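Student: Could you take me through one spot in this model up close, and then work outward from there? I'd like a single connected account.

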Amino acid sequence: MSMLTVENAHTYYGNIHALKGINITIEKGEIVTLIGGNGAGKTTTLRTISGLLKPREGDITYEDESLLKYKAHEIVYKGISMVPEGRGVFARLTVTENLEMGAYSLSNKQDMGNNMERVFNLFPRLKERRSQLAGTLSGGEQQMLATGRALMADPRLLLMDEPSMGLAPVLVELIFETIEQINKTGVTILLVEQNALMALSIAHRGYVLQTGEIVISDTAQNLKDNPTVQKAYLGME
Amino acid sequence: MKKENFLWNSIKTGMLGGSIALFICLIGMTEVFSKRDVIEKVITLGQFVLLATSVMTGLIASRQTSQLVGENRSLHRLTAGLVAGLMTGVVLALFVLAGDKVNIRAVFLNATPGLYNILTFEKGVSGVWVLPVISAVSGLIGAAFLLLPQAAQKPLTQATLFLFFMALFSGLFRVVLINQGTNWEKIAKYLYGQTGVTSEGALIFFFAVVIISVLWSWRGQSVKTSVAHLPKGGKLTLRLLAFAAIGYVALGLPQVSGPFIAQVIVTVALFILMGLGLNITLGFAGLLDLGFVAFYAIGAYTVGLLTSYGPFGLQHISFWAAVPIAVLVAMAAGFVLGLPVLGVRGDYLAIATLGFGEIVRLLAGSDFLAKYFGGPQGVIGIQKPCLGVLEPFVKIDVPRVCNGIELGKPQDIYYVAVAAALLIAFVAWRLRESRLGRAWMAIREDEDVAEALGVNLIQTKLLAYMLGAAMAGLGGAIFATLIGSIFASSMQLIVSINVVSLIIVGGMGSIPGVIVGAIALIGLPELLREVSEFRYLLYGMTLIIMMLSKPEGLWPSQAAKRELHHVEASTEAEL
C-alpha cells in the first residue's frame with residue numbers, strides 16, 4: 001500500500017474548479033515532484049492534502065486511513081508537515097521561537113530539544129541567528145527556517161511548496177542538497193516546484209499538472225527526456 | 001537663493017502658524033485655557049499656547065531659511081523668525097478687527113467678546129497692535145533659540161518643558177505637598193499658586209532644571225558607566241530600590257492626593273486592568289476587539305445585580321463572592337459572542353465585535369429589559385467591599401453592616417484595583433511565555449501557517465477572546481463597586497476605543513506599555529480638567545504623532561523594539 005494516495009480529488013475556490021480530479025500516489029521514502037506553470041493547481045494540491053482546503057469529491061488516503069475526516073490542525077499530528085509557499089515564517093518571532101512553534105504538535109519537551117539540535121546541525125546558519133527576529137533574515141535563511149520549522153514536528157511526509165522561489169542560484173542548489181539529505185533520513189517528500197530542472201534532478205518520480213489536471217506522470221528521468229516536458233518546462237527546444 | 005525668497009517663505013510659514021493659532025482660538029481652547037495660569041499673574045495657559053505657536057512658527061521659519069540661504073546667515077534667520085512671528089500675530093489681529101465689525105459668532109460659536117479681550121489684552125480694539133508685537137518677539141525668540149549652541153538648547157528646552165509640566169499639574173503637586181504637614185505647606189504655597197506656579201516657583205524650577213541638565217551633560221556619562229560597571233548585586237539593589245520607590249509612590253499617592261485625584265488614579269488603575277486584558281486579545285493574538293465594553297458592562301451588571309440593595313438587586317451577596325461570578329459570566333459571554341465571529345478575520349472581526357458592544361449597551365438600557373436591569377435608571381445601591389468577617393452568600397434585606405474595614409472610599413478601592421491589575425499582569429506575563437502564548441503570536445503572524453503547524457484556530461482564538469472578556473468583566477466589577485451605581489449610558493463605545501488606544505500608544509503586546517499608555521491617555525486628561533474638553537482632539541493628535549514618530553509605542557515590547565530597529569542586524573544578514 002502506498003504511503004499517500006490522492007484519488008480523483010476535486011477542489012474548488014468558491015465556484016472556481018481548481019483541481020479537476022487528480023490522482024497521485026507517493027511511496028514511502030520517495031521524493032515526488034509536482035511541476036507545472038502558474039495557476040496549474042500545484043499549491044492547491046498541497047493545501048488539499050494538508051487539510052487547509054477540503055476536496056468536494058474524491059479521497060485522500062494516508063497510511064491506510066482517509067485524511068478527510070481530520071481538520072487542518074489535526075493533520076500535522078499524523079506526521080505530515082508543510083513548508084508553505086513564500087516560506088511563511090513568523091516575522092516577529094525569533095528563530096528559536098519559530099522552531100518551537102514547529103514543535104507545537106509534540107507533547108514531549110525532550111523531543112523538541114533533540115529536534116532543534118537536528119535542525120541546527122542541518123542548518124548551522126540558523127543556530128548563529130537563533131535569537132534574531134525571523135523577519136530580519138535573508139530569503140535563503142527564511143527558507144531554511146521554514147524547512148527547519150516543518151522538521152521540528154518529526155514528519156514522515158514533508159510537503160514543500162516552491163522552496164526555490166526568489167532565491168539566488170547558489171542558494172537553490174544548497175536547498176535542494178538539503179532536501180536530498182532530509183530524504184535520506186527517511187522522510188518522504190512531495191515537492192512542488194516551478195524550477196522543474198532542479199526538481200527532476202533530485203526526485204524519483206514526477207507529475208506534470210496543467211490547469212488542474214495531471215497530464216503526465218512518470219519517473220523523473222523519463223520526464224527529463226520527455227520532449228513535451230522539455231519544451232514546456234525545461235526551456236529546451 | 002534670492003533674499004525675497006526667504007522672506008516670502010517666512011510670510012507663508014507665519015500665515016500657516018497664524019491659521020493654527022486661529023484654529024486654537026476658534027475651537028474655544030484659548031478662552032478655556034485662559035482660566036488657568038502657567039505662571040501666576042504673568043502668563044495664562046491660553047496665552048502660553050498662543051505664544052508657543054508663535055515661537056514654533058519662528059523656529060520653523062528660521063530653520064527653513066537656513067536651508068534656503070545657508071547655515072551662517074544669522075541675520076536672515078532672525079529676520080525670518082521675526083517676520084513669521086509677526087504674520088502669526090497679524091492673522092489674529094485681523095481676526096479681531098473683522099470680529100469687531102461683523103458678528104461672526106453666528107458661525108463661530110467661540111468667537112466671543114471674552115476671546116477678543118484675551119487677544120487684545122483687555123484693551124479693546126485700540127490694543128489690537130499688542131499681539132502682533134508680542135508674537136513677533138516670540139518668533140524672534142524662536143529663531144534666536146536655533147542660533148544657540150546645542151549645549152545651551154538642550155537645558156533650555158528641558159527646563160521650559162519641566163516648568164510647563166509643573167504648572168499643568170500644579171494642582172496635584174500642591175495638594176500632595178500640603179498634605180505632608182505645615183512646613184511642606186509653606187513650601188507648596190511658595191512654589192504653587194491656585195492654578196499655576198508662582199513667579200518665584202517658576203524661577204526655581206527653571207534654573208534647577210538648567211543646572212541639573214548642565215551638570216548631567218558634564219558628568220552624566222561617567223555616572224552611567226559607573227552604574228554599568230557595578231557588580232551584579234549592586235545593580236540588583238539599584239533596580240530593587242527603583243521598584244520600591246515606584247511602588248511607594250504608586251501605593252502612597254492616593255492617600256495624600258485627596259478624593260478627586262484618588263478617583264482619577266482608580267480610573268487609571270481600572271483602565272490598566274482592562275488594557276492588560278485586551279492586550280491578550282489584541283497584543284498577543286492580534287484579534288481587534290472593539291466590543292470590549294460589552295464584557296465590562298456584563299461584569300458591572302453582574303456585581304450590581306448580585307450585591308445591590310436597590311430595587312433590582314437579586315441577591316445581596318458580598319462583593320468578594322460576586323467578583324468571581326462576574327468574571328465567569330463575562331467569560332461565558334465571551335464564549336457565546338466569540339464562537340460565531342471568530343471565523344471572521346481582521347477588520348471584519350472589529351466590526352462584528354463593535355456591534356456586540358452596542359447591542360449589550362442598548363439591551364441593558366432598554367425598556368424591554370427594564371424590569372431586570374433598571375433600564376435608563378440603572379442599578380443603584382451597590383455594596384462596597386468589606387474586609388472582615390465574610391458571610392459570602394447570606395441574603396439580608398437591610399444594608400449590611402460591615403464588621404471589619406469597609407472599603408468605601410475611592411482610595412480603598414484603588415488597592416483592590418491595583419491587586420487585580422497585578423494579578424492580571426502576572427497571568428499575562430506567564431501566558432505570554434507559555435505554549436498557548438506562542439500559539440497566539442503564531443496566529444497573529446499567519447493564521448494558515450499556525451493551523452498547519454497544529455494550532456486549533458477556533459479554540460485558541462476563543463481562549464484569547466474569553467480571557468480578554470474575563471479581565472474586562474473584572475474591571476467592570478470593580479467599577480460597579482467604585483461608583484456604587486451603574487447605568488447603561490456609561491457603557492459607551494468610547495470605553496472600548498480608550499482601551500484600544502492606550503494599548504497602541506503604550507506599545508502593542510507590552511505589559512509596562514499598558515501602564516504608561518493608561519497614565520498618558522486616561523490619567524493626564526482627567527487631571528487637566530481644562531484639557532478634557534478637547535480630549536478627543538488631543539487624542540487624535542497624539543495618536544497621529546505617535547504613529548508617525550514612535551510607531552512601536554511609548555514602552556514597546558522587546559520584539560517590537562527589535563523589529564523596528566533591526567537595520568544593523570539585517571545588513572550583515574544578507575546572503
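Tutor: Let's begin at S138(A), which is found in the loop between α5 (124–128) and α6 of chain A. Keep in mind that this is a predicted model. Is S138(A) buried or exposed, or somewhere in between? It counts as partly exposed, because it has 18 C-beta neighbours inside 10 Å, and a residue needs 20 or more to be called buried. Across from S138(A) you can look for L167(A): the two are 29 residues apart along the chain, and 9.6 Å separate their C-alpha atoms.

Now zoom out to the rest of chain A. Its secondary structure comes to 10 helices and 10 strands, and buried residues make up 49% of its 237 residues. The C-alpha trace spans about 45 × 45 × 35 Å along the principal axes of chain A. The radius of gyration fits that of a compact globule, because 237 residues would give a value near 18 Å and chain A has 17 Å. As for contacts between residues at least 6 apart in the sequence of chain A, 66% of them join residues at least 24 apart.

The helix that follows our loop also takes us to the partner chain. In the interface, 27 residues of chain A are in contact with 24 residues of chain B. On the chain A side, the elements giving two or more residues are α2 (72–75), α3 (95–102) and α6 (139–151). Of these, α3(A) gives the most, with 4 residues. By type, that side of chain A divides into 13 nonpolar, 10 polar and 4 charged residues.

Cross over to chain B and you meet a chain divided into domain 1 (1–147) and domain 2 (266–532). Taken over C-alpha atoms, the centres of these two domains of chain B are 46 Å apart.

What about the packing? The largest nonpolar core has 174 residues, and L273(B), A330(B) and A417(B) are those with the most contacts inside it. Helix α12 of chain B (residues 258–284) supplies the largest share of this core, 17 residues. For a close-up there, try A417(B): leaving out residues up to four places away in sequence, it touches V266(B), A269(B), L270(B), L273(B) and I478(B). Another core, of 48 residues, lies apart from the largest one, and V38(B), I118(B), A143(B) and Y192(B) are among its members.

Conventions
Residues numbered from 1 in each chain as written. Chains lettered and ligands numbered in written order. Predicted model: local features only at pLDDT ≥ 70, side-chain atom pairs only at ≥ 80, totals over all residues. Contact = placed C-beta atoms within 7 Å. Nonpolar A, V, L, I, M, F, W, Y, C, P; charged D, E, K, R; others polar. Rg over C-alpha atoms; globule rule 2.2 N^0.38 Å. Buried ≥ 20, exposed ≤ 12 C-beta atoms within 10 Å, placed from the backbone. Core = buried A, V, L, I, M, F, W, Y, C linked by C-beta atoms within 7 Å. Domains from an automatic or database assignment.
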